[in-house]
Amino acid sequence: MSATAVHSLWTTAAEPIAKIGAPKIEYGQLSPTLIVIGAALVGVLVEAFVPRKSRYYTQVFLAVVALAAAFAAVVAMAAGGYGTTKAHIAAMGAIAVDGPSLFLQGTILLAGILGVFTFAERRLDPEAHGNRVDSFAAQAASVPGSDSEKAAVKAGFTTTEVFPLLLFAIGGMLVFPSANDLLTLFIALEVFSLPLYLLCAVARRKRLMSQEAAVKYFLLGAFASAFTLFGIALLYGYAGSVSYARIAQVVDGTVTTVDPALAGTMGNDVLLLIGAAMVVMGLLFKVGAVPFHMWTPDVYQGAPTPVTGFMAAATKVAAFGALLRLLYVVLPGLRWDWRPVMWAVAIVTMLGGAIVAITQTDIKRLLAYSSIAHAGFILAGVIAASPDGVSSVLFYLAAYSFVTIGAFAVVTLVRDAGGEATHLSKWAGLGRRSPLVAAVFAVFLLAFAGIPLTSGFAGKFAVFKAAAEGGAGALVVVGVISSAIAAFFYIRVIVLMFFSEPKAEGPTVAVPSPLTMTAIAFGVAVTLVLGVAPQYFLDLASQAGVFVR
């Protein structure tokens, strides 16, 4: 090659190219997420630079302040009309700021604050070597039962990294239901899943079981993420874009410009149907719907109970928010295709969760199968495919999440020599030994069962009403039958607590610090308020029930 030819290559390559525009980011409207992620990064620095003795208090203070500030930001944005008249797409098309996203973000942040309270509880276990201990391993890196673990316990170490991990998970959950393109959705999915995999593995008692739960969750979660990612690739091939609005236009046939490179595949329905099915599959895995539910009982049982409570509440809220946005904003043109499939999933999920729960002997596994049944009830609202459907799902998620955190917080109080007494036989006669704790747990169980004057009844009524009006009457019949089956095992636990003789060597009920008391009291208050006077919150959910397109 001659020197002149090389020279001409250089000169043509070096011609001035068009300027790359700076991204336009609305920092004020992304402030809830930015506050939480910023605090999580500060929490990582706290682990590195703050002396070990002060870390616990610093981390708890930092986490609570950050979540409260983020919640205040959400309330301010809702008051400023960003949920209704000013709803729009922010961050160059990546994030939707609208009613559903603000409502779900507020719910996740409140659940997160209660989660921090249960994570920070240090009065339930007896003191070890003069140090108060929490639910988390003294040193997560040490092998269970090894000398290094014993040395860490003796030295009074604590895993305070759980607080920044919790904040990272919440940060991802805030983005997940408000993502407005498929890549943002996937990144948010990973940002909140990875910390949860780690949090499941760091239980102080029963560490091998906890690590097994984390490995199962991680492997199955990785499969689900891979399905989601492959679905995203197929949808990109179908629409030539990962943006929700663009995909919806191609589905509807209202698209005007076609990328010549993608002209061969654009509008190929096979790509659309398989891609949509795979992305929805990834979201159904996260909500724990049958047949993607296999991880739920094992992970709920093995993870530290405060993590189980937070995960059961907040993950459902985030994943159902993302599922609603995907089905209502991106795929409304495919309604005839996805509704029959969702019908089937909802029916199997309601019946499967309720029937298998009857056979459980462990309280955490029982609550896990109950959460699967609840995923089915919420899907009934999703299937309604109407504004009422959206608002009923939002209300149900808010009601369900606080009952769940409260119920798992009560589970942490019932203890014997081996830690938490989760076997049902140990709960016999609890109402005589500790009437208040048993009564509070009974309130939560009645709410799960959907008994009137609890939030569970108001939520189920709203969801079933929306489904019936949306033409899914048969689904409501199945839902009512499933609720009746589920009521059997909830009431069985209440009978066991109040009408059985307590065993002499039965468990004791630990007296918690004000942190766990606050979480449980808030759960009871929400359960009763949403049950007795739900109208204000139903109106709030219906105002917040409109997606921005």
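This section describes a helix, a set of salt bridges and a buried loop residue in a predicted model.

Helix 3 comprises 28 residues, numbered 52-79. At 1.5 Å a residue, a helix of this number of residues should span 40 Å, and the end C-alpha atoms of helix 3 are 41 Å apart, which agrees with that expectation. The buried residues of the helix are Arg55, Tyr56, Gln59, Val60, Leu62, Ala63, Ala66, Leu67, Ala70, Ala73, Val74 and Met77. Among the elements that cover these buried residues are helix 2 (31-49), strand 2, helix 4, helix 6 and helix 20 (514-532). Just after helix 3, Gly81 adopts a positive phi of about 90°.

Arg55, one of the buried residues of helix 3, also takes part in a salt bridge with Glu47, in which the closest N and O atoms are 3.6 Å apart. Glu47 and Arg55 are both buried.

The salt bridges of the model number 14. In one of them, the side chains of Arg325 and Asp98 meet at 2.9 Å, N to O. This pair links distant parts of the chain, 227 residues apart: Arg325 belongs to helix 12 (residues 305-330), whereas Asp98 is in the loop between strand 2 (95-97) and helix 4 (99-119). Both partners, Arg325 and Asp98, are buried.

A further salt bridge connects Arg432 with Glu501, with 2.8 Å between the closest N and O atoms. Arg432 lies in helix 16 (residues 430-433) and Glu501 in the loop between helix 19 (473-499) and strand 5 (508-509), so this salt bridge ties together parts that are 69 residues apart in sequence. Arg432 has a relative accessibility of 45% and therefore counts as partly exposed. Glu501, at 58% relative accessibility, counts as exposed because its value is over 50%. Elsewhere, Glu212, Lys216, Asp298 and Arg365 are joined into one network by salt bridges that share partners.

Thr158 is located in the loop between helix 5 (147-155) and helix 6 (162-175). Its relative accessibility is 13%, and Thr158 therefore counts as buried, the cut-off being under 20%. Apart from neighbours within four places in sequence, Thr158 is in contact with Arg122, Asp134, Ala137, Ala138 and Arg204. With Arg122, one of these residues, Thr158 also shares a polar contact of 3.3 Å between side chains.

Notes. Residues are numbered from 1 along each chain as its sequence is written. This is a predicted model: local features need pLDDT of at least 70, side-chain atom pairs count only at pLDDT 80 or more; totals for chains, interfaces and linings use all residues. Side-chain values use heavy atoms; hydrogens and water are left out. Helices (H or I, at least four residues) and strands (E, at least two) are DSSP runs, numbered from the N terminus. Buried means under 20% relative accessible area, exposed over 50%, partly exposed in between (1.4 Å probe, protein chains only). A polar contact is a pair of N or O atoms within 3.5 Å; within protein, one must be able to donate a hydrogen and the other to accept it, and residues adjacent in sequence count only if both atoms are side-chain atoms. Contact means heavy atoms within 4.5 Å. A salt bridge is a side-chain nitrogen of Lys or Arg within 4 Å of a carboxyl oxygen of Asp or Glu. The expected span of a helix is 1.5 Å times one less than its number of residues.
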